[in-house]
Amino acid sequence: MKNKVEICGVNTSQLKVLKNEENVALLKRYQAGDESAKDELVRGNLRLVLSVVQRFANRGEMMDDLFQVGCIGLIKSIQNFDLSFDVRLSTYCVPMIIGEIRRYLRDNNSIRVSRSLRDIAYRALQVRESLQNDWQREPTMEEIAKVLDLPREEVVFALDAISEPVSLYEPVYSDGVDTVCVMDQVSDQDNTDDSWTEKIALKEAIAQLGDREKFILGLRFFEGKTQSEVAKEIGISQAQVSRLEKGAINRIRKTISST
């Protein structure tokens with residue numbers, strides 16, 4: 001069958017997808033005490049779990065395992081969802097599902113972290129999730145540290161210790177045509193096209209100077225000598241050195257600005 005993918009014995013091509021209105025109606029039934037509505041919500045949003053799980057496809061983990069973990073995140077989302085949030089269920093579920101999968105990957109990480117750091121990190125994650133549910137916003141590290149009665153630096157260090165490496169090729173956005181990966185959002189400030197262009201222009205401008213001007217600039221800016229030291233070394237006055245240096249710099253600026 002076209003687009004058929006078997007995960008946990010589920011034929012994903014036949015998964016039902018609920019509309020937002022259907023999700024809202026089922027949530028109202030579930031929150032009124034109808035447990036069967038929760039089962040319908042879970043079945044109707046399994047494709048959402050699958051779409052999240054596919055982001056972690058290259059982590060070396062069994063897709064079946066990640067799908068089951070993602071389903072746990074979906075169930076927690078349904079149980080904690082408040083209709084007054086004024087957001088779609090799918091919007092609320094995605095970060096919860098991702099968080100559940102990332103916790104699973106951290107627990108199964110081969111890099112060993114001390115028990116004390118892990119305890120602090122997991123307590124911090126619990127506090128963050130609790131505050132986020134209460135305040136409907138992401139709490140700051142200072143707020144989390146205050147609840148834990150720990151220094152902010154200690155909380156940050158603990159969370160960093162259990163964070164998983166992120167692949168540069170991990171997609172962060174896709175509109176169905178173009179995909180943006182982590183690599184696309186990481187910039188190298190030292191090796192940009194602009195910096196290379198500026199270096200080339202500067203090199204060409206210096207090449208147009210006379211030998212005496214190049215020598216003076218070399219002594220001043222590469223060897224760090226004062227104008228008096230340069231004057232003494234080449235046998236001219238400091239005023240002459242200053243005039244030649246200023247003229248060379250102006251010529252460089254003029255050459256660069258005209259390129």
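At 38% relative accessibility, Arg-137 is classed as partly exposed in this predicted model. Its salt-bridge partner is Glu-143, and the closest N and O atoms of the two are 2.8 Å apart. Glu-143 is likewise partly exposed, with a relative accessible area of 22%. A value of 22% falls in this class because buried means under 20% and exposed means over 50%.

This pair belongs to a wider set, for the structure holds 13 salt bridges. Another of them joins Glu-40 to Arg-29, and here 3.4 Å lies between the closest N and O atoms. The two residues come from distant parts of the chain: Arg-29 sits in helix α1 (residues 20–31) and Glu-40 in helix α2 (residues 35–44), 11 residues apart. Both ends can be checked for exposure. Arg-29 is partly exposed, its relative accessible area being 34%, and Glu-40 is partly exposed as well, at 29%.

Glu-245 offers a further case to look up in the structure. It forms a salt bridge with Arg-220, and the closest N and O atoms are 2.6 Å apart. Glu-245 belongs to helix α13 and Arg-220 to helix α11 (residues 211–222), so this salt bridge ties together parts of the chain that lie 25 residues apart in sequence. Both Glu-245 and Arg-220 are buried. In addition to such pairs, there is a network in which salt bridges share partners, and its members are Lys-76, Glu-100, Arg-103 and Glu-129.

Helix α13 also takes part in a contact between helices. Two packed helices are described by the angle between their axes and the distance between the axes. For helix α12 (residues 227–234) and helix α13 (residues 238–257), the axes come within 8 Å and cross at roughly 105 degrees. Angles of 65 to 115 degrees count as roughly perpendicular, so α12 is roughly perpendicular to α13.

The residues that meet at this crossing can be picked out one by one. From α12 come Gln-227, Ser-228, Val-230, Ala-231 and Ile-234, and they meet Gln-238, Val-241, Ser-242 and Glu-245 of α13. Sorted by class, the contact contains four nonpolar residues, four polar residues and one charged residue. Glu-245 thus appears in two settings: among the α13 residues that meet α12, and as the salt-bridge partner of Arg-220.

Definitions and conventions:
Residues are numbered from 1 along each chain as its sequence is written. This is a predicted model: local features need pLDDT of at least 70, side-chain atom pairs count only at pLDDT 80 or more; totals for chains, interfaces and linings use all residues. Side-chain values use heavy atoms; hydrogens and water are left out. Axes are lines fitted to C-alpha atoms, for helices over the stretch in contact, and angles run from 0 to 180 degrees between N-to-C directions. Helices (H or I, at least four residues) and strands (E, at least two) are DSSP runs, numbered from the N terminus. Angles under 35 degrees count as roughly parallel, over 145 as roughly antiparallel, 65 to 115 as roughly perpendicular and the rest as oblique. Contact means heavy atoms within 4.5 Å. Ala, Val, Leu, Ile, Met, Phe, Trp, Tyr, Cys and Pro count as nonpolar, Asp, Glu, Lys and Arg as charged, and the others, Gly among them, as polar. A salt bridge is a side-chain nitrogen of Lys or Arg within 4 Å of a carboxyl oxygen of Asp or Glu. Buried means under 20% relative accessible area, exposed over 50%, partly exposed in between (1.4 Å probe, protein chains only).
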